[in-house]
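This report looks at enclosed space, a surface patch and a few buried side chains. The structure comes first, then the notes.

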Amino acid sequence: MSVMLTKFESKSNRVKGLAFHPTQPLLAASLHNGSVQLWNYRMGVLVDRFDEHEGPVRGVAIHPSRPLLVTGGDDYKIKVWDLKPQSRRCLFTLHGHLDYIRTVQFHHEMPWIISCSDDQTIRIWNSTSRNCIAILTGHSHYVMSAFFHPKEDLVVSASMDQTVRVWDISGLRKGTPNTAPGTFDSFDTFSTVKYVLEGHDRGVNYAVFHPTLPLILSAGDDRQIKLWRMSETKAWEVDACRGHFNNVSSALFHPKHELIVSCGEDKTVRVWDLAKRSAVQTFRREHDRFWVLAAHPELNLFAAGHDNGLIVFKLERERPAFCLHGDTVYYVRDKYVRSYDINTGADVGLLSVRKFGSPYVPPRTLSFNPAERAVILTISSDNGMYELTSLPKDTAGELKDSSVDGKRGSGQAAIFVARNRFAVLNKASQLIEVRDLSNSVVKSIKPPVQTNEIFYGGTASLILSSTSSVVLYDIQQGKTIAEINSPPVKYVVWSADGASVALLSKHTITIANKNFSQNTLIHETIRIKSGAWDDAGVFVYSTLNHVKYCLPQGDHGVICTLDNPVYLTRVKGKTVHCLDRSARPRTITIDPTEYRFKLALIRNNYEEVLYLIRTSNLLGQSIIAYLQQKGFPEIALHFVEDKNTRFDLAIECGNLDVAMETAKAIDRPECWNRLAQQALKQGNHKIVEKCYQQVKDFDKLSFLYLATGSTVKVSKMQKIADARGDPMSRFHNALYAGDVIGRIAVLREVGMYPLAYLTAKTNGLDELALEILQDAGLTEADVDDVPDFGRASLKPLPVVTDTTNLNWPSIPGGESFFDRALANGNLEAGAAEPYMNGDHSAAASAALDNWAKDEEDQDLAADEDGWDLDAGGDAQAEEGEEEAAAQEEEEELGAGASPGVSETEIWTRNSPFAGDHVAAGSFDTAMQLLHRQFGVVNFEHLKPLFLSVYRSAHAYLTPIASLPPLHLHLRRNPAESSLTRVLPVAVVTLKQVRAELSEGFRAVSGNRLADAQTTFRSVLQSLLFVVIASDSEAKDWRDTVTTAREYLLGVSIELERRRLMTAEPDNVRRGLELAAYFTHCKLQPPHMRIALRSAMQVFTKANNSATTAKFAQRLLDLNPDPKLVAQARQRIAAGDRNPRDAVEVSYDEFIEFEICAASYTPIYKGSPSVRDPYTDAAFLPEFKGTLDPLTRLTEIGAVASGLPAPR
Amino acid sequence: MDSSELYNVKQQFFLGAFKSLVDLTLPDPSSDDYTPILVYKARAHIALDDTKSISTLVPADTENLALKAVSALAKYTSGTDAADPALEELRDLCVEIEGEDADASEREKGLVRVVAGTAFARAGEVEEALETLGAETGTENLEAVAIIVQIYLSIHRPDLARKEFERSKQWAEDDLLLQLIEASIGLVSGKDGYADSSSFFTEQLANPSLSSPHLLTSRGVTRLLRGEIVEAKSDLEEAVAQQGGHEDAETLAASVVAAGLLPGKKGEAEQLWTRLTTEYPTHPLVSAVNEKAEQFDEFAAKYQVPPLAIPTAA
């Protein structure tokens, strides 16, 4: 509130009374000279005047819901006026007061008017019956003001008798008031004095009720404003505001805030804190005493009347401080920083800034820094200050107050210019300081122009706003990049891609590109409030009463009208997001078609143009005029129905077909002539011909035929001319056609014998010449003085090209697109809808995703029986030791430039996993770990994995040229800062390994068993490098190992069987055994079906029908497809018929067994076995100490600690 | 304050826009900027491993110490037999500028130190480099600080690097190079540091006055470090495209890492790796992996491999 924002000011005679219209921007002012003015304060115009009072008018009021105005003057009259624009007149006059009337007021629901007068009475009038219904007597001096309570049946009055009185008028509502004039006594029964408030030492000028609380405010000639409180039974003085040094003429409660506003004859308007009764602010005027004050019931607006007119003012800026980042608006409401998510509508408070600056002043600007999640606010109180605060990460619980860790300083503007820099402008010293996040100055800039505001100007740049220009200023270089002349720029809005910027002044918008090399200026007569960029690159802005758009090249237009100003934050498709005057997020739905259309035109995006034409209804003269003006008559053509306009447009864009069509419809000579002219220009002589024919322009037609060499048509024209009997035309045509005889005939007919004779003569037609002579009545002798002209050479030129049948090639224009799409204004055959492609690909990728998901689901259906994790205690102990060691070493680190501990070393210290050690490049410890944990002894196969894991964990970058590159290390926990916990990136992840595993599954299904074997082996190798983060991951890991092992075993058995079949085809028994064992590996159902079918096949072949039947039964249990069901049933039936086995095999499905992974023989339950330390595969005891043939990595039976505990 | 031309040259040099720097036409030899711009241009050539053109660029008989230093650096980096004498020459130059009567401006002296420091750092003479550059003496030569910081980082002393950086913040006025230094420190120290570097590179990518694939690569590497592998890959691919399909060692090496970390890209990683090893056999990643491969064989040999379990005839 450091400024009183004057919105409107008028000069007039002394203003004694003021009243705001509740809904329209109107203000009634009653003047000392007897006039009552009605102002539109938004537009700044005098709407009307009411000049019927004689002498000063002191009281004025507007009805809260009806278009009525009441005034009371020194002529003792109360007048009620109709406010409807078409019938502004005095409705009636109330007579009764016997002295000057001081105030008047309408009741909020009853048809009552209250007035008070120097005759020491307060009167209440019924405006329907136009009678006085009550007279309140009791005051012993002039009554200076009297007002209804906004809700209850109470009246408060102030009088020169130094009292304030509260009256109870509830009786008035209940009883039927005596309407008979002259019976004043009966009035007293309806109203009683409730309280008499004594305390002012002089006369009281004004007293009002608080709108909601039981409080009364009074202002008196004792220079005091008194606050009174009332209860049901009594009323008492609470406190007084002292500070005015002359009579206080008026005092009001602020309708929204806990403030008192007063004015007085000391030429001041003062603002007081209602709670503390302390002065908040004082506005002084040089010469004008203030007489009256009015508050708008809804808006943050006040009006004050003084000796020479009135002012309308605001006590605070309504424009909320806000800042858009992505789809989130950060804004300040009621001194809280809030965020509003445009997509979800989530609106949450983030930070309190109540302690920042004056409590009555809202922050002016907000700048948001996404990288640090910090905000800078500025406030205009205390001569301008800023505060830098980080927003809390989670907003649960009580909101943080910015004073906790906010960094403050003084300055009039402060914005972020980089992730860790902000600039602060000090207007007085004209210094811009660039500060870092700890609020220390890193650079000071002396701006090249007198700077009033600064804005973000793109990377390392600022936009400086001065009184007559804006400057794009490079902070690093300290120089001006570009300067644009403009009125003072108040706001700057960058487009989302940072390519364009809109500079908003009070009445102009400058749209510039990012280096200010191009710009356009738009003028607005109405004040510009705010703006936002559409995603398509259109700038949408709001004025006091419109939402408008502006295209990059400067075209602008209205989108919709507004009742109240809003502050646009984001435009998304058809929705405009904005904040209203009370900083509440709102949305406005708009129709963006028009500007989209215009934008598409400008950008030559014809597909979009077509799409818009087809999908929306764009119509109207303005669009057509626009199109024509912008040089797109062919598009305008599409919108036009009117034949004449259509013809004009068709001619303009040279669309002859359409022109022809419309010309036919119109069929007027001037149309045909214009069409002929246009067609001639384009060389389309066929249309020219048609036009000439239509207007019967025979001469031109003939000449056209001559020009095109159409001899046939020329002769036809000759006949037509004959028929018409036009000798001139006949002669022309004969001449064109080279028809000498015809020519002579015409000449003879018209009696031009000399010419006829000579023509005949020179063409060697002597006989004909003689005939002519005879006709003329002459002989040859008569003409022997005629010289011999020789033979005439005149004859038609030969036709070189048969142009008659050819049209001149028409000019191929850039409009070919529209020629196609808009031919005859028909759009059905237009281009494909432009957005289809995107949809298609989206659908396709969705399908892919589904497919991938199916795959994954299948993978997840792995074995359920995991093995116990044997995460040994010694791993824990080991870990402890390692940590201790790490600490020890850290202590040894001294100062100086001795090398520090490398990140790889830290990694090896921090992790017990082989994968991490490999990534750190510590291969020897990795090998030790693998050996200890899984008994790995043969590392040969792991070499590529070792190298690729190491390779993927290290990056190199050269920040400074020619130096050796920095060795950088990829961490898997990039959010970790403590060196004791950083770990290398997980190069091999469980997810990847599972993907590889399913590749193996596919190989099994596809009967590529050798590939499958390699894949499963590689899976088991990769699993060694997986790092486990949780117990559930550890279980998954173990499951994956087991699955891979089972498949590897199964595939190996089957491969062995196939080898055996070719190598020793006679060994049927072994073959059958292997086939049977294959079915005992724990495979997934689809693969198990394959195994069972293969077993059924070989067993049937060997006539082992009993066992075959058992396999068939197992197959049935797996729900195979119907064909297999039938086959299986058949085998079972065969087994029932012949329950015998031809070949005896060592296979009994009823005794539980494991398969030795080396010899592929059963190890029945209870028999001794040794295990693989890694996969836990079983082996016969004789294989202890040998290399596991499955994985080829580990020593069978070696002692191993297993997977270390997850971290 | 530098002239705007020199400022641009420096900006391009620091942000790795060597190509445009190499194509730069030199100002008039009589201008004040001539020598410094020539030095940066020459250093851009060196950065692109184009040491041969230095001899044409810098007159052999130049008396200017800075230019002498640059040609010595060129000789050194060319890696020929001239390397050792070149290093000696730089040492001599360093002694010369310390002398009272050295015929060189302060700026040229600074350049000599920077160039010499670069060469020493390359040679692995950490202590000598730090001493030449004036580490811990509060030098106000920001380029020297940049090299000092990088040396500290390469010997795993981010703490000292940060100290040096904080010191220069006092006087360096938020210079671009200062931000680059901060970004480098961020890359090594991690966590919030990654965010610093990432924002810095992103900001500079939006800088209208230059375009440098090196920046893209840098951001790609930063993103790798932040675990945003897919985004990193797209940065790197763009960098490759900007370099006309023939990427520098750094981009290629980073691409290898990115491919290695993306599931299902093993084949691509191997292919890129093969290219890296053949095209840039001296890249530190290649030499490190080669060294590791040798170590692997050595360590693996320590383990006794038992015979394969073969079933005796059953």
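## Cavities, a patch and buried residues

The lining of the second largest cavity has seven nonpolar residues, three polar ones and no charged residues. The model is a predicted one. This cavity holds about 50 Å³ of space. From chain A, the lining takes A:L957, A:T958 and A:P959. From chain B come B:F14, B:L15, B:L180, B:F201, B:H214, B:L215 and B:S218. Helix α13 (residues 213-225) of chain B gives the largest share of this lining, three residues.

How many cavities of 30 Å³ or more does a search of the whole structure find? The count is five. The largest of them contains about 90 Å³ of space. Two elements each give two or more residues to the lining of this largest cavity: β38 (413-418) of chain A and α12 (192-205) of chain B. Chain A lines the largest cavity with A:V417, A:A418, A:R421, A:V434, A:T459, A:A460, A:I475 and A:Q476. Chain B adds B:D174, B:Q179, B:E203 and B:Q204. By class, the lining of the largest cavity splits into five nonpolar, four polar and three charged residues. Charged residues are thus present in the lining of the largest cavity, whereas the second largest cavity has none.

Next, the surface. A:M43, A:V45 and A:V47 make up a nonpolar patch there. Together they have about 230 Å² of accessible area. A:M43 sits in a loop of chain A, between β4 (36-40) and β5 (45-50). Why does A:M43 count as partly exposed? Its relative accessibility is 48%, and the partly exposed class runs between 20% and 50%.

Two residues of chain B show the opposite case. Each lies in a helix and is paired below with a residue further along or back in the chain.

| Residue | Helix of chain B | Relative accessible area | Partner and C-alpha separation |
|---|---|---|---|
| B:C94 | α6 (residues 83-98) | 12% | B:A116, 7.4 Å |
| B:K41 | α3 (residues 34-47) | 9% | B:L21, 5.8 Å |

B:C94 is buried because its relative accessible area, 12%, is under 20%. B:K41 is buried as well, at 9%. Along the chain, B:C94 and B:A116 are 22 residues apart. For B:K41 and B:L21, the spacing along the chain is 20 residues.

How values were computed
Residues are numbered from 1 along each chain as its sequence is written. Chains are lettered from A and ligands numbered from 1 in the order in which they are written. This is a predicted model: local features need pLDDT of at least 70, side-chain atom pairs count only at pLDDT 80 or more; totals for chains, interfaces and linings use all residues. Side-chain values use heavy atoms; hydrogens and water are left out. Patches are made of residues with over 30% relative accessible area and no salt bridge: like charges are joined within 9 Å, nonpolar side chains (Val, Leu, Ile, Met, Phe, Trp, Tyr) within 5 Å. Accessible areas come from the Shrake-Rupley method with a 1.4 Å probe; for residues, only the protein chains shown count as cover. A salt bridge is a side-chain nitrogen of Lys or Arg within 4 Å of a carboxyl oxygen of Asp or Glu. Helices (H or I, at least four residues) and strands (E, at least two) are DSSP runs, numbered from the N terminus. Buried means under 20% relative accessible area, exposed over 50%, partly exposed in between (1.4 Å probe, protein chains only). On a 1 Å grid over the protein atoms alone, a cavity is a set of points where a 1.4 Å probe fits but cannot get out, and a pocket is an open set with protein on both sides within 12 Å along at least five of seven lines; lining residues have an atom within 4 Å of a point. Grid points are joined across faces, edges and corners, and a volume is the space filled by probe spheres set on the points. Ala, Val, Leu, Ile, Met, Phe, Trp, Tyr, Cys and Pro count as nonpolar, Asp, Glu, Lys and Arg as charged, and the others, Gly among them, as polar.
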